[in-house]
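Colleague: Before I rely on the assignments made for this entry, I should like to hear the grounds for each of them. May we go through them one at a time?

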Amino acid sequence: MKFYEKTLSENIIYEGNYLTFTNISVELPNGDISDRDIIKHPGACAIIPFIDNNKIILVEQFRKAIEKTILEIPAGKLDKNEDSLTCAHRELEEETGYKAKNMTYLGAIATAPGFCNELIHLYKATDLYIGEKSCDEDEFTEVKTFTLEEVKSMVKSGEIIDTKTISILAYL
């Protein structure tokens, strides 16, 4: 069986600042018709910045959607027509105050493919040097450093719950 759903129609339910909520009518592989609620996202990048071979930078920030302050790797959405490498360099400096001489592409993850088309491009940043921290006007972060062992332990204990942060560890 070919697992593909042909789009028959698409209706925009709501357009926000950068997310679009749509309802899509599809033809299923067996010929039946169904509906899909899909959130369209411009994509993002996330960076694991290495201060040295074993020490990495995480940012701590409040996430309203889960009403919780969490630790995560620096990340941000792609601006219109922006490539992911440019975004990775921009977000690293904005959120941490560091720049990277080397930025290595690791891969991409689909964050919630059942209802959202967001892909996050993952990068490893090395050879860091001081830049200028300049978070968005509605973004408040604190930069923290940890060893890889500490981060893995925090994942196992449930202290780190962010999926992009957990996922990027599989690429190392």
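Colleague: How many salt bridges are counted between domain 1 and domain 2?

Modeller: The count is zero. This is a predicted model. A salt bridge requires a side-chain nitrogen of Lys or Arg within 4 Å of a carboxyl oxygen of Asp or Glu, so a count of zero means that no pair between the two domains meets that criterion.

Colleague: What polar contact is there between domain 1 and domain 2?

Modeller: Two residue pairs are in polar contact, both at pLDDT 80 or more. Each therefore has a pair of N or O atoms within 3.5 Å.

Colleague: Which residues make up the two domains, and how many residues from each take part in the contact?

Modeller: Domain 1 covers 6-40 and domain 2 covers 44-171. Five residues from domain 1 and four residues from domain 2 take part. Together the domains bury about 420 Å², 65% of it on carbon and sulfur atoms. Their centres, taken over C-alpha atoms, are separated by 30 Å.

Colleague: What makes S2 and S3 a strand pair?

Modeller: Pairing requires at least two bridges, and S2 (residues 20-27) and S3 are joined by eight, in the antiparallel sense; they therefore qualify. Phe-21, for instance, has Ile-39 in S3 as its bridge partner.

Colleague: Why are S1 and S3 placed at the edges?

Modeller: The open sheet has three strands in the order S1-S2-S3, with antiparallel pairing. Strand S1 (6-15) and strand S3 (33-40) each have a single partner strand, so one side of each lacks a neighbour in the sheet. On average, neighbouring strands are turned by 20 degrees against each other, direction ignored.

Conventions:
Residues are numbered from 1 along each chain as its sequence is written. This is a predicted model: local features need pLDDT of at least 70, side-chain atom pairs count only at pLDDT 80 or more; totals for chains, interfaces and linings use all residues. Side-chain values use heavy atoms; hydrogens and water are left out. Helices (H or I, at least four residues) and strands (E, at least two) are DSSP runs, numbered from the N terminus. Axes are lines fitted to C-alpha atoms, for helices over the stretch in contact, and angles run from 0 to 180 degrees between N-to-C directions. Domain bounds come from an automatic or database domain assignment. Contact means heavy atoms within 4.5 Å. Buried area is the accessible area (1.4 Å probe) that two parts lose on being put together, summed over both. A polar contact is a pair of N or O atoms within 3.5 Å; within protein, one must be able to donate a hydrogen and the other to accept it, and residues adjacent in sequence count only if both atoms are side-chain atoms.
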